[in-house]
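Got the structure open in your viewer? Here is a short tour, one selection at a time.

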Amino acid sequence: MSTDTLHIVCPHCHTTNRVAAAQLGSAPDCGKCHRPLFTGHPASLDEAAFEKHVLRSDVPVLVDFWAPWCGPCRMMAPAFEQAAAQLEPHMRVVKVNTEEAQALAGRLQIRSIPTLALFAGGREVARQPGAMGVADIVRWARAHAPR
């Protein structure tokens with residue numbers, strides 16, 4: 001693959017798209033469903049979609065592992081939403097409900113929630129448990145993203 005072309009997985013239909021790196025900031029659309037590849041909002045993923053995004057995306061994937069019953073998770077949700085607007089399109093920002101994806105949470109050894117994890121090149125590169133504010137989320141994600 002050429003370094004000026006990136007694979008970007010659609011947050012809506014989960015189709016892998018090829019996007020010129022120079023066009024990343026120009027609001028590219030999915031070639032299949034024609035919806036925006038980046039919305040500035042976290043995408044909610046199930047286990048299969050998570051695997052596809054982590055393994056096929058050429059931009060880092062920032063994941064919030066959370067559960068609906070978790071008070072700190074609910075408190076952090078607005079900050080994570082705001083962080084998505086700042087981090088995309090140079091990072092895919094997603095949420096995984098650990099109640100619905102228990103096998104994935106177990107396999108990744110998610111022991112507390114909320115937990116942020118950053119994936120690049122198909123593997124986890126950083127992890128941070130606990131709720132954070134928007135500035136801390138953005139700073140942490142950018143500091144750990146591969147250059």
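What covers the buried residues of H2? Keep in mind that you're looking at a predicted model, then select helix H2, residues 71–87. The cover over its buried residues includes strands E4, E5 and E6, along with helix H4. To see what is being covered, show the side chains of Cys73, Met76, Ala79, Phe80, Ala83, Ala84 and Leu87, which are buried in H2.

Stay on H2 and look along its length. The helix has 17 residues and spans 24 Å from first C-alpha to last, close to the 24 Å expected. There's a kink, though: about 40° at Ala77, shortly before the proline Pro78.

Next, bring up the sheet. It is open, with 5 strands in the order E3-E5-E4-E6-E7 and mixed pairing. At the edges you'll find E3 (43–44) and E7 (123–129); each has a single partner strand, so one side of each is left without a neighbour in the sheet.

Now zoom in on E4 (residues 61–66) and E5 (residues 92–97). These two run parallel and pair over 6 bridges. To pick out one bridge, select Val63 and its partner in E5, Val94.

While you're in E5, click on Val93. Is Val93 buried or exposed? Its relative accessible area is 1%, and anything under 20% counts as buried, so Val93 is buried. Setting aside its neighbours within four places in sequence, Val93 is in contact with His41, Pro42, Ala43, Leu62, Phe80, Ala84, Leu87 and Glu88. For a distance check, try Ala67: it is 26 residues from Val93 in sequence and 17 Å away in space, C-alpha to C-alpha.

Helix H4 is the next stop: select residues 134–144. H4 lies across E4, E6 (115–120) and E7, at about 30° to E6.

Then color the largest nonpolar core, which has 18 residues. The members that touch the most others are Leu62, Leu87, Met91, Leu116, Leu118, Ile137 and Trp140. H2, E6 and H4 each supply at least two residues of this core, and H2 gives the most, with 6. Click on Ile137 for a close-up: leaving aside neighbours within four places in sequence, Ile137 is in contact with Leu62, Met76, Ala79, Phe80, Ala83, Leu116 and Met132.

Last stop: another core lies apart from that one. This one has 17 residues, among them Val63, Leu108, Ala117 and Phe119.

Key. Residues numbered from 1 in each chain as written. Predicted model: local features only at pLDDT ≥ 70, side-chain atom pairs only at ≥ 80, totals over all residues. Heavy atoms only, no water. Pairing = 2+ DSSP bridges. Helix = DSSP H or I, 4+ residues; strand = E, 2+ residues; numbered from the N terminus. Contact = heavy atoms within 4.5 Å. Axes fitted to C-alpha atoms, helices over the stretch in contact; angles between N-to-C directions. Expected span 1.5 Å × (residues − 1). Bend = angle between axes of the 7 residues up to and from the residue. Buried < 20%, exposed > 50% of the residue type's maximum accessible area, 1.4 Å probe, protein only. Core = buried A, V, L, I, M, F, W, Y, C linked by side-chain atoms within 4.5 Å.
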